[in-house]
Amino acid sequence: MTERTRYRTVVLSDIHLGSRFSKVKEVADFLSSVDCETLILNGDTIDGWQLQKQDNAYWGAEHSRFFRIIMKMVEMQGTAVYFLRGNHDDFLDKIIPMTMGKLNILKDMVLESGGHKYFVTHGDVFDSITSNMKWMAKLGDVMYNILLKINVMYNRIQSLRGRPYYSFSQAIKNKVKKAVSNASDFDKMLTDMARTKGCQGVICGHIHRPEDRMIDGVRYLNSGDWVETMSALVEDGSGQWKILMYKEL
């Protein structure tokens, strides 16, 4: 039996369950390989936007496996699970806050780690387009899913030619997200909010770009996504944080 890696905290965001492009098998495989005291699903875990559409919506056996693994973590390891609201699972607004045993459904939270406090939030409320122009955010989501479809066909041809995988959909999304982030001061607003809450760091998702850096004395951590990047944030027993990339495991 493969030895499971033990962490104090695991943070995953932007899994987008319900979208055909969600890497649900990979994220389930990752969760089945770890033990943790705390699991934070930091927004856009379920993609309500895509589930409303017939062409892109998908829900299969692997999705049930994903939730079975989480329930097993709760039952066997005593893992506390925090399910935070994102813009794609904004249907949670109707029920938050809610606590059922070890399962907590919240808008955001403060996490104590290594003698520091971290403000944990999906981050969409600090994105001016998502917050103020939802129609444009949904249009961008449609365009991104079109790019993902084209990307699949493109890489099938690349594979037949013996060429390596290349995600131009991710490259375009990163450029767009970076431009939006710069325009709205996304990361700066997040770290400023963390500071006002008496926190020394912020943990977020939303922009699908894993990062770990300091901004004006506040640590900015982004856990990435499980559509293309396939990354997670993990905290070890001594309170040290790092980004894990699935392809490197």
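This section describes the secondary structure, sheets, helix packing and selected residues of a predicted model. Residues are numbered from 1 along each chain as its sequence is written, and side-chain values use heavy atoms, with hydrogens and water left out. Because the model is predicted, local features need pLDDT of at least 70 and side-chain atom pairs count only at pLDDT 80 or more, whereas totals for chains, interfaces and linings use all residues.

The protein chain has seven helices and twelve strands; these elements are DSSP runs (helices: H or I, at least four residues; strands: E, at least two), numbered from the N terminus. Of the 249 residues in the protein chain, 51% are buried. Buried denotes under 20% relative accessible area, exposed over 50%, and partly exposed the range in between (1.4 Å probe, protein chains only). Contacts (heavy atoms within 4.5 Å) between residues at least 6 apart in sequence join residues at least 24 apart in 67% of cases.

Two open sheets are described here, with strands taken as paired if DSSP finds at least two bridges between them. One sheet consists of seven strands in the order E4-E5-E3-E2-E1-E11-E12, and its pairing is mixed. E4 and E12 stand at the edges; each has a single partner strand, so one side of each is left without a neighbour in the sheet. The twist of this sheet averages 20° from one strand to the next, where axes are lines fitted to C-alpha atoms, for helices over the stretch in contact, and angles run from 0 to 180 degrees between N-to-C directions.

Within the seven-stranded sheet, strand E3 (residues 80-84) pairs with strand E5 (residues 103-106) in the parallel sense over four bridges. Bridge partners in this pair include Phe83 with Ile105 and Leu84 with Leu106. Strand E4 (residues 98-100) runs antiparallel to E5 and is joined to E5 by three bridges, with Met100 placed opposite Leu103 as its bridge partner. E4 and E5 form a hairpin with two residues between them, and Gly101 in the turn has a positive phi of about 65°.

Two helices lie across parts of this sheet. Helix H1 lies across E1, E2, E11 and E12 and runs at about 145° to E1. In H1 (residues 24-31), the residues Val24, Val27, Ala28, Phe30 and Leu31 are buried. They cover an arc of only 160° around the axis, which puts them on the same side of H1; the arc is that of the directions from the helix axis to the C-beta atoms. The buried residues of H1 pack against strand E1 (5-12), strand E2 (34-42), helix H3 (61-77), E11 and E12. H3 lies across E1, E2 and E3, running at about 130° to E2.

The other open sheet has five strands in the order E6-E7-E8-E10-E9, again with mixed pairing. Its edge strands are strand E6 (108-113) and strand E9 (211-215), each of which pairs on one side only. Neighbouring strands of this sheet are turned by 20° against each other on average, direction ignored. E6 runs antiparallel to strand E7 (residues 116-121), to which six bridges join E6; Asp108 stands opposite Thr121 in E7. Helix H7 packs on this sheet, touching E7, strand E8 (201-204), E9 and strand E10 (218-222), and its direction makes about 125° with that of E10.

Asp187 is located in H7 (residues 186-196). With 15% relative accessibility, Asp187 counts as buried. The side chains of Asp187 and Arg213 are joined by a polar contact of 2.2 Å. A polar contact is a pair of N or O atoms within 3.5 Å; within protein, one must be able to donate a hydrogen and the other to accept it, and residues adjacent in sequence count only if both atoms are side-chain atoms.

Two cysteines were also examined for burial. Cys36 counts as buried at 1% relative accessibility, and Cys204 is buried with a relative accessible area of 0%. The number of disulfides (pairs of cysteine sulfur atoms within 2.5 Å) is zero.

Gln240 lies in the loop between strand E11 (231-235) and strand E12 (241-245). Not counting residues up to four places away in sequence, Gln240 touches Val234 and Glu235. Gln240 and Arg8 are 232 residues apart in sequence, with a C-alpha to C-alpha separation of 9.6 Å in space.
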